[in-house]
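Dear colleague,

I am passing on the structure we spoke about, and I would be glad if you could look it over with the notes that follow it.

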Amino acid sequence: MRKIIIDTDPGQDDAVAILLALASPDALDVLAITCVAGNVPLDLTTRNARMICELAGKVDVPIHAGCDRPLARMLVTAEHVHGKTGLDGITLPDPKMPLADGHAVDAIISLAKANPGVTLCPLGPLTNVATALNQAPEIADNIVEIVLMGGAYFEVGNITPAAEFNIYVDPEAAEVVFKSGIKLTVLPLDVTHKALTTRPRVEQFRALGSVGQAVASWTDFFERFDKQKYGSEGAPLHDPCVIAYLLRPELFSGRYINVEIEVQSPLTRGMTVADWWGVTGRAPNATFIGDVDADGFFNLLTERISRLPVS
Ligand code: BDR
Ligand code: CA
């Protein structure tokens, strides 16, 4: 049983990641969901996280509101991808469950102190996680691993030619995390662009009942952007790759390499400079995942979503 904290900015793909984690209580103990501004502003990411937990029938998970802007920059959002609510595609009931007391950063710090061996799962900009590490560096000893969605190498950028959205939004926060010395596993666009929905995969979700229908509606909405931009067959399920990696690491492969974050250049802000070929001699600091067994990933996701909602 792995104890995890999901730090997130939902987002349709964040939503599917959260559902995958909540559907896996045999393997994952979700201590808290901590929300950050990213795909949409914080008031919407906190609202969306509560709607997702209610959809899953898991209203006992503490959901904390966190940072409403990056460490040193103006917030950049992604309504052009996720719609104005961040969860466009299906209208869910207004959430009833309250937010948990306390700021997300304080929750990360206190939960990490109380749970040696905890894993952090960031699915959005790294503002909350970096702020927690800046405020309480000693928690690094208790964090066994950070498994995050962010960055790109061969695929390069989705928000700029050089940068992936999560890292671009708060590069200074990403730099703190990548320099933290904590075991780091990174699911970049190189792998998430291989976890693509197809019609048969979406129809399998839709056949699963209310939660599956929501997942299908979200991916129907979300895929229009990637189809138009990349000419890809469907939507990349970026953030669920993080949770799938925790559940079935053998579906993924990558390399332990050095990854540095560009924080200076306006042209390449937020670029993950990944030394895939080992040309710099810089010490490795991250396992950069490059490949996934996409059929295995979708089989896992379909089987787990079929378990929801829990009553
Ligand atoms: C990442 O950015 C967001 O739009 C998604 O939720 C994902 O976390 C992909 O670049
Ligand atoms: Ca996200």
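Strands β2 and β3 pair in the parallel sense, over 3 bridges, and within this pair Cys-35 has Ala-65 of β3 as its bridge partner. Helix α2 (residues 42-56) packs on the sheet there, touching both β2 and β3, and its direction makes about 150 degrees with that of β2. Please keep in mind throughout that this is a predicted model.

The sheet as a whole is open and is formed by 8 strands in the order β3-β2-β1-β4-β5-β6-β10-β7, with mixed pairing. Its edge strands are β3 (63-65) and β7 (252-257), each of which pairs on one side only. On average, neighbouring strands of this sheet are turned by 25 degrees against each other, if direction is ignored.

Strand β1 (residues 2-8) is largely enclosed by the rest of the structure, because 5 of its 7 residues are buried. On one hand β1 is joined by 7 bridges to strand β2 (residues 28-35), the two running parallel, and Ile-5 stands opposite Ala-32 in β2. Between these two strands the chain passes through α1, and the resulting β-α-β crossover is right-handed. On the other hand β1 pairs with strand β4 (residues 118-122), again in the parallel sense and over 4 bridges, with Thr-119 in β4 as the bridge partner of Ile-4.

Further along the sheet, β5 and β6 are paired in the parallel sense over 4 bridges, and Met-149 stands opposite Leu-187 in β6. Strand β6 (residues 184-187) also pairs in the parallel sense with strand β10 (residues 286-292), over 2 bridges, where Thr-185 has Thr-287 in β10 as its bridge partner. Both faces of β6 are covered, since Leu-184 and Val-186 on one side are buried, as are Thr-185 and Leu-187 on the other.

Now to the metal site, which you may want to inspect on the bench side. The calcium ion (ligand 2) has as its protein donors Asp-9 (OD), Asp-14 (OD, listed twice), Leu-123 (O) and Asp-239 (OD), and these lie 2.3 to 2.6 Å from the ion. In sequence the donor residues follow the spacing D-x4-D-x108-L-x115-D. Asp-14 and Asp-239 link distant parts of the chain, as they are 225 residues apart, with Asp-14 in helix α1 (residues 12-22) and Asp-239 in the loop between α10 (210-230) and α11 (240-247). Both Asp-14 and Asp-239 are buried.

Among the helices, α5 (residues 127-135) is mostly covered, with 7 of its 9 residues buried; these are Thr-127, Asn-128, Val-129, Ala-130, Thr-131, Ala-132 and Leu-133. The buried residues of α5 pack against β1, β2, α4 (104-114), β4, β5 (143-149) and α7 (171-178). In helix α4 the buried residues are Ala-104, Val-105, Ala-107, Ile-108, Ile-109, Leu-111 and Ala-112, and they pack against β1, β2, β3, β4, α5 and β5.

Helix α9 (residues 199-206) and α10 pack at an angle of about 145 degrees, their axes lying 6 Å apart. From α9, Arg-199, Val-202, Phe-205 and Arg-206 take part in this contact, and they meet Gly-212, Gln-213, Val-215, Ala-216, Ser-217, Thr-219, Asp-220 and Glu-223 of α10. The residues of the contact divide into 4 nonpolar, 4 polar and 4 charged.

Finally, some points of the backbone deserve a look in your viewer. Most residues other than glycine have a negative phi, and most peptide bonds are trans. Against that background, the peptide bond joining Pro-10 and Gly-11 is cis, with omega at about -5 degrees, and Gly-11 is found in the loop between β1 and α1. A cis bond also leads from Leu-308 to Pro-309, with omega near -5 degrees, and Pro-309 is found in the segment after α12 (294-305). Val-156, although not a glycine, has a positive phi of about 40 degrees; this residue is found in the loop between β5 and α6 (165-169), and Val-156 is partly exposed, with a relative accessible area of 34%.

With best regards

Notes. Residues are numbered from 1 along each chain as its sequence is written. Chains are lettered from A and ligands numbered from 1 in the order in which they are written. This is a predicted model: local features need pLDDT of at least 70, side-chain atom pairs count only at pLDDT 80 or more; totals for chains, interfaces and linings use all residues. Side-chain values use heavy atoms; hydrogens and water are left out. Donors are N, O and S atoms within 2.8 Å of the metal (3.2 Å for Na, K and Ca); water is not among the atoms, so sites may look incomplete. Buried means under 20% relative accessible area, exposed over 50%, partly exposed in between (1.4 Å probe, protein chains only). Two strands pair if DSSP finds at least two bridges between them. A crossover is right-handed if, with the strands pointing away from the viewer, the path from the first strand over the helix to the second runs clockwise. Axes are lines fitted to C-alpha atoms, for helices over the stretch in contact, and angles run from 0 to 180 degrees between N-to-C directions. Contact means heavy atoms within 4.5 Å. Ala, Val, Leu, Ile, Met, Phe, Trp, Tyr, Cys and Pro count as nonpolar, Asp, Glu, Lys and Arg as charged, and the others, Gly among them, as polar.
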